[in-house]
Amino acid sequence: MPRATDVRLVFQRRLKEVRLARQLSQKELGIHAGLDPFVASTRINRYELGVHQPDLASIERLARALRVPTAYLFTDDDRLARLILAFERLLPVEKDRLLKSIENA
C-alpha cells in the first residue's frame, strides 16, 4: 500500500518553491500576505520549516500574495500542481470546455 504523503510537508515545500519562483524574500511574502513587517520574515520562515502551521485564513492570504490557487499549495502530485496553475490561467469559457472534454473522456 502506498505511503500517505504528509500534507504539511507538501505545503512547506510548495510555499518555498513558489516564493522563490516569484523572487520574493520571506519578509516580502509576509508583508504581501498582510503580516506585520516586524514578524513577517520569521513567520514565513517558520511556515516553510514546519515549526508553525498557518490557519486557513492565512493560507488563503499567502496563496493570493503568491498568485496561486490554494489547492496548488497542497497537492503532492507535481503534474496536478502544474495542471492547477495552467487551469487557473484559462478564461472561464476555456475552463468549461476543458472540463467538459475531460469529463467526457
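Start with the empty space inside: the largest cavity holds about 30 Å³. Bear in mind as you click around that this is a predicted model. To find the spot, select Ala33, Leu35, Ser58, Arg61 and Leu62, the residues that line the largest cavity. Color them by class and you get 3 nonpolar, 1 polar and 1 charged. How many cavities of 30 Å³ or more does the structure hold? The count is 1. Rolling a probe the size of a water molecule over the atoms is what shows where empty space is left.

Now zoom out and switch to a cartoon view. The chain has 6 helices and 0 strands, so to speak an α-α-α-α-α-α run when read from the N terminus. Along its principal axes, the C-alpha trace spans about 50 × 40 × 25 Å.

Next, pick two helices: H1, residues 7-21, and H4, residues 56-66. When two helices pack, the angle between their axes and the distance between the axes describe the arrangement. Here the axes come within 10 Å and cross at roughly 30°. Angles under 35 degrees count as roughly parallel, and H1 and H4 are therefore roughly parallel to each other. Their crossing is left-handed. Show the side chains where they touch: Phe11, Leu15, Val18 and Arg19 on H1, with Ile59, Leu62 and Leu66 on H4. That contact has 6 nonpolar residues, no polar ones and 1 charged. Leu62 may look familiar, as this residue of the H4 contact also lines the largest cavity.

Keep H1 on screen and swap H4 for H3, residues 40-49. Are H1 and H3 roughly parallel or oblique? Their axes sit 7 Å apart and the packing angle is about 130°, which makes H1 oblique to H3.

For the last selection, take Gln12, Leu15, Lys16 and Arg19 in H1, which meet Ile44, Tyr47, Glu48 and Leu49 in H3. By class, the residues of this contact divide into 4 nonpolar, 1 polar and 3 charged. Finish by leaving Leu15 and Arg19 highlighted: they take part in the contact with H3, and they also belong to the H1 side of the contact with H4.

How values were computed
Residues are numbered from 1 along each chain as its sequence is written. This is a predicted model: local features need pLDDT of at least 70, side-chain atom pairs count only at pLDDT 80 or more; totals for chains, interfaces and linings use all residues. Side-chain values use heavy atoms; hydrogens and water are left out. Axes are lines fitted to C-alpha atoms, for helices over the stretch in contact, and angles run from 0 to 180 degrees between N-to-C directions. Helices (H or I, at least four residues) and strands (E, at least two) are DSSP runs, numbered from the N terminus. Angles under 35 degrees count as roughly parallel, over 145 as roughly antiparallel, 65 to 115 as roughly perpendicular and the rest as oblique. A crossing is left-handed if the near helix is turned anticlockwise from the far one by less than a right angle, and right-handed if clockwise. Contact means heavy atoms within 4.5 Å. Ala, Val, Leu, Ile, Met, Phe, Trp, Tyr, Cys and Pro count as nonpolar, Asp, Glu, Lys and Arg as charged, and the others, Gly among them, as polar. On a 1 Å grid over the protein atoms alone, a cavity is a set of points where a 1.4 Å probe fits but cannot get out, and a pocket is an open set with protein on both sides within 12 Å along at least five of seven lines; lining residues have an atom within 4 Å of a point. Grid points are joined across faces, edges and corners, and a volume is the space filled by probe spheres set on the points.
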